[in-house]
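Student: I'd like to learn how to read a model like this one, feature by feature. Could you walk me through it?

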Amino acid sequence: MGYRFPLVRILRCVFSDGFIYHSVHDSSVMPDKHQLDLESLLACPDCGSDMVKVRDEMKCAGCKNVFEIRDGIPILFPADFDNSHLREEETLAEMMKIPEISAKERFYLGQWRQSKKEFWSVVAQNIGPAPKIMVNIGCGRDDSFRQFQDLGHFIVNFDIVYEMLDSLKLEYGARYCVAGDVKSLPFRKGTCDYLICIDLIHHESERLQQLLKRFRELLKPSGALFLEDANAWGMFQFPKSVLMPRSVHRSLRSFYHNSFKHSEQRPADYEFPTNPFKVRRILEQVGFSKIVFFDNHAYPNCHERAYKFYEFFGSSERIAKFHNYHYMLMARPGE
Ligand SMILES: C[S@@+](CC[C@H](N)C(=O)[O-])C[C@H]1O[C@@H](n2cnc3c(N)ncnc32)[C@H](O)[C@@H]1O
Ligand SMILES: [Zn+2]
């Protein structure tokens, strides 16, 4: 993806504080203690071997595949990557840019923001002192990394859509960004202190076991996963997402968005809210223990009157943990 304005590119190179690669062959470039040697975290998305920076590309030390680094962002998709999935996610990313302005939507948006705040404050309260290695998987346009980067944590923004990473870098000064696919996470095993994953796993709801197993592998024994996802058991969702067969739900949803709502913000066909009880079971199966669910007070995607109803029942801990629009949890690896 080239730049239409070479000046922008030049200025970006001069002023960007994007990560400095430290090739194993270049001992003159030593990381200072505030700079993550991103290369030492990365693994080949195809074979899992270590990666080495060679000029301005990343090369796999095992299968020798070569990967582009675009304006400081390694592009680490596996060879069998499904491009149609990327195009769908790019379309969704474009939609996420469209400002929402009606009064009703303002309420929704406020709840989304509040919900995100609640999640990140759980992360902030449950992590150790800097510097820790954190990866935000499916980060989208979320600029919450800043508070952790400012504290001296090494937080890597990871997403399938390059353009969102590029804007995090340009607009918010994200130091560490990597593009790739959650199904082939290009990080070395046992290197991450904390993984964060908000609203992504329902995009891969048929592959939860594989995804969560890989999350477990990436974590250090002392690490933790912070996970939030759209909740199949949400108070206003479960009649559709639990009681209705999935195929019927999908057809009705697509009919609603295409024919009735003419919505700019529609979910992809493969998205489906996940079940927190099933996710907890899978987490245990793949080697997590100490799985803690947190209360959620904001309820995105419901109108104000419905929110009052949630607020009333949300004083019950069980409702606030398991029947919000989202569920949020922290899981630590087992012994
Ligand atoms: C609903 S958005 C959530 C974004 C962000 N976590 C937040 O809370 O604002 C889902 C994000 O997951 C990313 N995503 C979807 N499929 C992915 C995949 N296979 N690999 C990596 N990222 C993916 C999308 O590009 C998008 O940024
Ligand atoms: Zn390889």
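**Reading the model together**

Tutor: Let's begin with exposure: T91 counts as exposed because it has 12 C-beta neighbours inside 10 Å. A residue is exposed with 12 or fewer other C-beta atoms within 10 Å of its own, buried with 20 or more, and partly exposed in between, the C-beta atoms being placed from the backbone. Bear in mind that this is a predicted model, where local features need pLDDT of at least 70, side-chain atom pairs count only at pLDDT 80 or more, and totals for chains, interfaces and linings use all residues. Residues are numbered from 1 along each chain as its sequence is written, while chains are lettered from A and ligands numbered from 1 in the order in which they are written.

Student: Which helix holds T91?

Tutor: T91 is part of helix α2, residues 83-97. Helices (H or I, at least four residues) and strands (E, at least two) are DSSP runs, numbered from the N terminus. The protein chain has 11 helices and 11 strands, and buried residues make up 36% of its 335 residues.

Student: How is V122 classed, and where is it found?

Tutor: V122 sits in helix α3, residues 103-126. With 19 other C-beta atoms within 10 Å, V122 is partly exposed. Contacts add to the picture: two residues are in contact if their C-beta atoms, placed from the backbone, lie within 7 Å. Not counting residues up to four places away in sequence, V122 touches F226, F294, M328 and M330. V122 and F226 are 104 residues apart along the chain, yet their C-alpha atoms are separated by 8.6 Å.

Student: How do I read strand pairing?

Tutor: Two strands pair if DSSP finds at least two bridges between them. Take strand β8, residues 192-198: four bridges join strand β5 (residues 133-137) to β8, and the two run parallel. Within that pairing, M134 has Y194 in β8 as its bridge partner. β8 also pairs with β9 in the parallel sense, over six bridges, and C197 has L227 in β9 as its bridge partner.

Student: How does β11 pair with β9 and β10?

Tutor: Strand β9 (residues 219-230) is antiparallel to β11, with six bridges joining them, and D229 stands opposite Y327 in β11. Strand β10 (residues 288-294) pairs with β11 over six bridges, again in the antiparallel sense; here I291 has A331 as its bridge partner in β11.

Student: Why is β11 described as largely enclosed by the rest of the structure?

Tutor: Because seven of the eight residues of β11 (residues 326-333) are buried. β8 is mostly covered too, with six of its seven residues buried.

Student: What is a nonpolar core, and where does the largest one lie?

Tutor: The general idea is that nonpolar side chains tend to be buried together in soluble globular proteins. A nonpolar core is a set of buried Ala, Val, Leu, Ile, Met, Phe, Trp, Tyr and Cys residues joined through C-beta atoms within 7 Å. The largest core here has 69 residues, and L195, I196 and L225 have the most contacts inside it. Strand β8 supplies the largest share of this core, six residues. Domain 1 (6-76) and domain 2 (83-333) both give residues to this core, so it lies between them; the domain bounds come from an automatic or database assignment.

Student: Which residues does I196 contact?

Tutor: Leaving aside neighbours within four places in sequence, I196 is in contact with V123, M134, N136, I137 and F226.
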